[in-house]
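Work through the exercises below with the sequence and the model side by side. Try each task before reading its solution.

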Amino acid sequence: MPLVRITLKMGHSTEEHRAISDGIYQAMLETIKMPEHDRFQVILEQAEDNLVADETYLNIQRTGNTVFVEITLLRGRTVEVKRELYRRIAERLSANPGIPKEDILIVLRRQAG
């Protein structure tokens, strides 16, 4: 059971929350082959001064509206599968709700056990 924690600046609409949630869920279905309906997500909004993401790290220009996506998974995915997951999440969130790919930060965490 993957757990997804999505953290972003305050001020996003319910529709944007749903688009982000749906995009991540669909990307996970497509890439890591999790069972349908295995959807557990937490969406957190934070005040701007509580989120820090360097706007030029690795020479990538960010807008200052970084969306943090933290996914806790069991072990067992190859590097290639993880890369495809990152790519699909970025594509989906870029398409809807229009988040620049440079503003999406994805971290995978291994679940103990």
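**Exercise 1. Strand register**

Which residue in β3 does Val4 stand opposite?

Solution. Val4 stands opposite Ile71 in β3. Before going on, note the ground rules. This is a predicted model, in which local features need pLDDT of at least 70, side-chain atom pairs count only at pLDDT 80 or more, and totals for chains, interfaces and linings use all residues. Residues are numbered from 1 along each chain as its sequence is written, and side-chain values use heavy atoms, with hydrogens and water left out. Helices (H or I, at least four residues) and strands (E, at least two) are DSSP runs, numbered from the N terminus.

**Exercise 2. The sheet**

Task: establish the strand order, then the sense of each pairing.

Solution.
- Step 1. Start with the order. An open sheet is formed by 4 strands, arranged β2-β1-β3-β4, with mixed pairing. Two strands pair if DSSP finds at least two bridges between them.
- Step 2. Find the edges. β2 (41–46) and β4 (104–110) are the edge strands, each pairing on one side only.
- Step 3. Check the twist. On average, neighbouring strands of this sheet are turned by 15 degrees against each other, direction ignored. Axes are lines fitted to C-alpha atoms, for helices over the stretch in contact, and angles run from 0 to 180 degrees between N-to-C directions.
- Step 4. Take β1 with β2. These two pair in the parallel sense over 6 bridges. Ile6 has Ile43 as its bridge partner in β2, and Leu8 stands opposite Glu45 in β2.
- Step 5. Take β1 with β3. They run antiparallel and are joined by 5 bridges.
- Step 6. Take β3 with β4. Here 7 bridges pair the strands in the parallel sense. Arg109 in β4 is the bridge partner of Thr72.

**Exercise 3. Burial in the strands**

Task: is Thr7 buried or exposed, and what surrounds it?

Solution.
- Step 1. Place the residue. Thr7 belongs to strand β1 (residues 3–9).
- Step 2. Apply the cut-offs: buried means under 20% relative accessible area, exposed over 50%, partly exposed in between (1.4 Å probe, protein chains only). Thr7 has 13% relative accessibility, so it counts as buried.
- Step 3. List the neighbours. Leaving out residues up to four places away in sequence, Thr7 touches Leu44, Gln46, Leu51, Thr66, Val67 and Phe68. Contact means heavy atoms within 4.5 Å. Phe68 in β3 also stands opposite Thr7.
- Step 4. Widen the view. In β1, 5 of its 7 residues are buried, and the strand is mostly covered. In β3, 6 of the 7 residues are buried, so this strand is largely enclosed by the rest of the structure.

**Exercise 4. Helices**

Task: describe how α1 and α2 pack on each other and on the sheet.

Solution.
- Step 1. Choose the descriptors. Two packed helices are described by the angle between their axes and the distance between the axes.
- Step 2. Read them off. Helix α1 (residues 14–31) and helix α2 (residues 79–95) have axes that come within 9 Å and cross at roughly 150 degrees.
- Step 3. Classify the angle. Angles under 35 degrees count as roughly parallel, over 145 as roughly antiparallel, 65 to 115 as roughly perpendicular and the rest as oblique. α1 and α2 are therefore roughly antiparallel to each other.
- Step 4. Inspect the contact. From α1, the residues involved include Ala19, Ile20, Gly23 and Ile24. From α2, Val81, Leu85 and Ile89 are among them.
- Step 5. Turn to α2 on the sheet. α2 lies across β3 and β4 and runs at about 145 degrees to β4.

**Exercise 5. Loops**

Task: find the backbone features outside the helices and strands.

Solution.
- Step 1. Look for a cis peptide. The bond from Asn96 to Pro97 is cis, with omega near 20 degrees. Pro97 is found in the loop between α2 and β4.
- Step 2. Look for positive phi. Leu58 has a positive phi of about 60 degrees although it is not a glycine. So does Asn59, again at about 60 degrees. Leu58 lies in the loop between β2 and β3, as does Asn59.
- Step 3. Check exposure. Leu58 is exposed, at 60% relative accessible area. Asn59 is exposed too, at 73%.
- Step 4. Finish with Leu74. This residue lies in the loop between β3 and α2 and is partly exposed, at 43%. Leu74 and Met1 are 73 residues apart in sequence and 7.9 Å apart in space, C-alpha to C-alpha.
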